[in-house]
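Visitor: Could you take me through the aromatic rings in this one, up close? I'd like to hear how they pair up and where they sit.

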Amino acid sequence: MSGLNGLHDMFGADRYFCVGMQVYDWGTLSQHHRFTFPRVGHLITGPSGAGKSSLLDAHSALITPPTHINFNAASRDGNKKTRDRSFVTYVRGTWGQQTDEASGRAVHQHLRSGSTWSAIAETYETESGRAVTLAQIYWIKGAGCQPDDVHSYYLVADRAFDLKELDVFVKSGFNIKATKAALPDVFFAREFKAYKERFCSRLGIERDLALTLLHKAQAAKNLENIDDFLRNYMLDKPQSAFDAAEALVSEFENLESARRQVIEARDQVALLRPARDAIIEKKTALVQVASVRDLEQGNPEFVVQLEERLTSERIGQLDREISLAKEQEDAAIAAQGPLNTELIDLQMRHRGIGGGDIAAKKDELSRLEDEQASVERRRRKVVDAFNTLGWEFPGSGTIFAMQKQNAVEALAAISNHHRTNGESERDQLAEQEIDARRAVEKLVTEIRAMEGQSSSIPGADLEMRARIAKGVNVPEEMLPFAGELMQVKKSEEAWTGAIERVLRRFALTILVDGDDQRLYEDVTAFVNANNMRGHVVYLRTTKNEVHGLRTSPANHLVHKIEFKPGRWDQWLKNELMASFAYQCVGSVAELRKVERGVTREGQVKHNSRRHEKNDRYKIDDRSNWIMGFDNAEKQAHFHARLLEQNKLHGEIKHKLAAIDNARSAEQAKLVPYATVSDADWAEIDTSPLVQSAKLLRGVIRDLEDGNEELKSLEARIVELGERLNHVQKERFAHEAAAKRLELERVTLAETLARLKRRVPSVLTPAQLEGLERAYQAVDGVLTLASLPEMVLRVEKSLQAQRFQHDRTVAGCDHRISSAFQQFVATFRNQAGNLGSGVEFADDYMAMLDRLENDNLPSFLDNFVNLLNNQTWQHLIALNSHIVQARKEISERLDIVNDALQSVDFNVGTRIQIIANDKNRPEVREFRTELKEVLSNFTAESAETADARYAAISKLVRRFAGKNDIDQRWRDLVLDVREYSGSTF
C-alpha cells in the first residue's frame with residue numbers, strides 16, 4: 001500500500017486530511033506563515049529553536065480544550081518542572097530571560113509588547129474537495145502578561161480560510177462584532193465547547209476522547225515500551241479517584257469526631273453505671289436497715305406478747321399436771337391403808353411369840369458394833385502415828401500416857417522453831433505474787449479487748465462505747481473515738497509520746513455525727529438514763545470553722561498527724577487547728593517563746609501561765625498510747641510485756657512454792673506428834689466393846705434357835721414393810737410434785753396478771769410477720785424456759801443483719817465515691833464543680849440519665865448518620881471513580897485498536913493492544929476490602945456501626961498516611977493505570 005491509493009483504502013473517500021497550517025505572530029514565528037501538508041504525510045525537521053514545537057503546540061491548541069493543553073510536552077519529555085510555554089508567551093513572542101540590572105530579578109524577553117494579537121489555523125480537505133478550516137484568535141490589550149490578560153475567539157469555516165481575511169479584526173481594534181459582520185459565512189464561538197462541537201461534527205469525530213489521545217500521542221518522544229506509552233501518553237491519571245480518596249480522608253475527621261463523642265459518652269456511662277448500681281443496692285440496704293430497726297424496736301413488745309401467750313399456755317398445762325398429780329397421790333393413799341393394817345397385825349403377832357425381846361437386843365448389838373468401828377478408826381490413826389515416829393504401840397494405858405507426854409513436848413519444841421524462822425520472807429513473796437498476778441491479769445484483759453477489734457482505746461472505754469452503741473441500736477463504727485481516727489506519722493514517731501499526752505483526753509472522746517439529730521438524741525437519752533460505770537465524754541461534731549493548714553506554723557502539732565480518710569478527717573483537722581494549736585518545740589527556750597507548745601520530753605505549755613508535765617507513766621511507754629488506725633503495734637508491745645510479766649510471776653511463784661514445800665515437809669513431821677498428843681487411851685481401847693458384843697450375840701442366838709414361826713413372821717414383816725415404804729415414797733413424790741406445780745402456777749398467775757395490766761404497744765403487720773419469721777428461724781423449741789435464750793439469739797441475729805446491711809451501705813458508699821472519683825479524674829471538665837462524695841449522687845445520676853437518654857443516642861445517631869450517608873457517599877464515589885477510570889482505559893484502548901485495525905502491521909496482518917490484569921496483591925486486597933466495606937453497608941446497630949467504622953478506618957488511615965510506604969500504596973491502588981499491563 002502506497003500513496004493516495006493506500007490512504008484511500010485506509011480511511012475512505014470521505015475522510016478529512018490536514019492539508020495546511022497558518023500562524024500569525026505565534027511565538028517566535030513573526031508575521032504570517034503558511035505550511036502545506038501532503039496527504040501522504042509530512043515530516044517537520046529542523047534544529048532546536050527552529051519552531052517545530054511551536055507548530056505542534058498550534059496544532060494542539062486548535063483541537064485540544066485549553067484546560068488539557070500541555071505545550072512543548074514532547075520537548076520536555078514528561079518533565080514535571082514548571083511549564084515554560086503558555087498562550088501569554090505565544091502571543092507575546094517570549095524568547096528568553098534576562099536579569100534586570102536594577103532589581104536583580106529574571107525578566108522575560110518578548111518580541112511583542114503593548115497591545116498585540118496572534119492567530120492560528122488548519123485546513124482539512126476530503127478527496128471530494130470539501131474543506132473545513134479551524135482557526136483561533138488571541139489578543140492582549142495593553143502591556144499585560146498574565147493568563148487573564150489573554151482573550152480568545154474560536155472560528156470554523158466550511159471552506160479554505162486565509163488568516164489575512166482577519167485584517168478587519170486588526171483595523172477595528174480587535175472588534176469581534178465587526179469581524180463577524182465582515183465574515184458572515186464563518187462560525188464564531190466564545191467558548192471552546194461550542195467550537196469543538198462544530199468542528200467535530202464537520203470532521204466526523206465521534207468521541208472527544210480521540211482529541212485527548214491525539215494530544216497525548218503528539219507529546220510522546222521516547223517510547224521504550226507500550227505500557228509507558230499507554231500510561232504516560234494515552235491514559236490520564238485518574239485524579240477523580242485521588243480526589244475522592246482525599247475527600248474521604250478529609251470528611252473522615254468529622255466521623256472520627258462523632259465517634260469520639262460516642263466513645264466519650266459511653267465511657268462516662270460505663271463509669272457512672274456502677275455508681276447507679278451501688279446507689280440502687282444502697283437504697284435496698286437502707287430499706288433493709290430500716291426494716292431491721294423496725295423489728296428491733298418492736299421486739300420488746302413482741303417478747304412481752306410472747307411471754308403472755310406462753311404463760312397462759314403454761315398455766316393451762318400446769319392445771320392439767322396438778323390434777324394428775326393429786327389423782328396419783330389419792331391412789332397412793334388408798335393403797336397405803338390396807339398395807340398398814342396388815343403390817344400392824346403381823347407386828348402384834350411377832351411380839352406375842354417373843355419377837356420384841358429379840359428386836360431390842362438386836363438394836364443394842366447394832367449400837368455396840370457401830371461404836372466399836374468408830375474406836376477402831378481412831379486406834380488405827382494412833383497406831384500409824386506411832387509407827388511413823390518409830391515408837392512401839394503400848395499395851396496398857398499407863399505406858400500410853402508416858403508416850404503421849406513425850407509427844408506433847410516434842411510438838412511444842414518444833415512449833416516454836418518454825419514460828420521464829422522464814423515467816424517474813426514468805427509474806428514479802430506473797431505480796432509480790434499478788435502484784436505480779438494482777439499485772440498479768442490486766443495485760444491479758446487489755447490484749448483480749450484489743451484482739452476483738454483494731455482500736456488502741458482502753459478496754460473500759462471500749463466497753464462503755466459498746467454499751468452506748470447497743471443501747472441506741474447503731475454499729476460501734478458510727479460512734480468512733482477521736483483517737484481511732486488519728487495517728488502520729490511514721491516520720492514523726494519521736495513525738496508520739498508528747499503528742500499522746502497533749503491529745504489524750506480528746507482521743508478518748510466519742511464523736512457523734514452532728515448531722516444525725518436522732519442519733520444525738522438517742523445517745524444523750526441513753527447516757528443520762530444509765531450508770532456508765534466510768535467517765536464518758538462525747539462530742540457532737542457540728543460544723544467547725546475551716547482553718548488553712550498552709551497558714552499554720554511548720555511545727556504545728558497537726559502537721560505531725562495523719563488522719564484516717566473518710567467522713568471525719570477534715571473535721572478533725574479543723575478541730576485540732578482550732579483547739580489544739582500547740583507547736584512542737586525542741587527546747588525549753590523555744591517553749592518560752594511560743595503561746596502554746598509541747599517539748600519532746602512531754603512538758604506542755606497551755607498558755608502563758610499554765611504549764612503541765614504528767615510523769616505518772618513513762619513518755620515512751622507504748623502501753624499507754626491510745627491513738628492509731630489499728631492496734632497492731634500496741635498488741636505486739638503488750639504481748640512482749642506479758643511475756644516479761646509472766647516470767648516474773650513464774651519466778652516469784654517458784655520461790656514461794658519452794659518455801660511452802662519446805663514448810664509442808666516440816667508440817668508433815670508434826671502430824672504424828674499431834675495425833676499422839678490429841679489421843680486418850682479410853683477412846684482407842686476396843687477390848688470392852690468386843691467383849692460386850694460377843695455376849696449379846698450369844699443371847700440372841702439362843703432366843704432364835706428352834707422358833708420357825710418367829711422366822712416366818714419376821715420375813716413377812718420385812719417384805720410388807722418394803723412394799724409400804726415404796727407406796728409412801730410414791731405418795732410423797734406426787735404430793736411434792738403437786739405442791740411444786742401449784743407454787744409455779746401461783747407465780748405464773750401473778751406474772752400473767754401483771755402482763756395483762758400493762759398498756760400494750762400496737763405492732764404493725766410487718767413487725768408481727770417479721771418477728772414471727774425471726775423466732776421461727778432460731779433452732780429450738782420456744783417455751784417459757786427457753787424464751788430468754790431465744791430472745792437473746794434473735795436480738796443477736798437482728799443486730800448481725802443490721803450490721804451487715806450497714807456494711808453494705810458503707811461498701812456502696814465506697815463504690816459510689818470511687819466511681820465518682822474516677823469520673824472526676826477522667827472527665828474533669830464534664831464533672832465541673834461536682835466532687836467525688838456521695839452527696840453529689842443526684843447530680844451524677846441526672847448526668848447519667850441525660851447521657852443514656854439524650855446525649856449518647858444523639859451522638860450515636862449522628863455517628864451512624866455520618867457513617868451511612870457522608871462516608872458512604874465518599875466510598876461510593878471512590879469506587880465509582882475507580883470503575884469509571886478502568887472503563888475509560890478500556891474505551892481508549894478500543895479507539896486505539898479501532899485505528900490499528902485500519903493499518904497493516906505487516907503485509908496482511910493487523911496488531912491489537914490487549915490489557916492484561918497484573919493481579920497485584922496490594923490492589924487485590926484493596927478491592928476486596930473496599931467490596932466488603934460497601935456490601936450491606938447500612939449500620940442497623942451500634943455494634944454494626946463500630947465494625948463498619950473499624951473496617952473503614954483501616955482504609956482511611958492508609959490513605960492519610962504520610963510515609964513513603966503508604967504513599968506508594970495509595971498511588972498503586974488509586975491509579976488504575978497500574979492495574980494492568982499491555983501486550984500485542
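Guide: Here is a walk through the ring pairs, followed by the charges that sit over rings.

A quick word on ground rules: this is a predicted model, where local features need pLDDT of at least 70, side-chain atom pairs count only at pLDDT 80 or more, and totals for chains, interfaces and linings use all residues. Numbering starts from 1 along each chain as its sequence is written, and side-chain values use heavy atoms, with hydrogens and water left out.

To describe a pair of aromatic rings, you give the distance of the centres and the angle of the planes. Here, rings of Phe, Tyr and Trp (its six-membered ring) pair if their centres lie within 6.5 Å; planes under 30 degrees apart are stacked, over 60 edge-to-face, and the rest tilted. Searching the whole structure on that basis turns up 24 aromatic pairs.

Let's start with F71 and F87: their ring centres are 5.2 Å apart and the planes meet at 80°, so this pair is edge-to-face. It ties together distant parts of the chain, 16 residues apart: F71 is in the loop between α2 (52–63) and α3 (73–76), while F87 belongs to helix α4 (residues 87–92). Helices (H or I, at least four residues) and strands (E, at least two) are DSSP runs, by the way, numbered from the N terminus. F71 has 6% relative accessibility and counts as buried; F87, at 18%, counts as buried too. For that label, buried is under 20% relative accessible area, exposed is over 50%, and partly exposed is in between (1.4 Å probe, protein chains only).

Next up are W117 and F169, with ring centres 5.8 Å apart and planes at 70°, so this pair is also edge-to-face. Again distant parts of the chain are linked, with W117 in strand β5 (residues 116–125) and F169 in helix α5 (residues 167–171), 52 residues apart. Both W117 and F169 are buried. These two also belong to a bigger group: ring pairs join Y24, W117, W139, F169 and F174 into a cluster.

Finally, rings can have a charge over them, which here calls for NZ of Lys or CZ of Arg within 6 Å of the ring centre and within 35 degrees of the ring normal. R596 does this with Y582, lying over its face at 4.4 Å from the ring centre. R501 lies over the face of Y617, at 5.7 Å from the ring centre.
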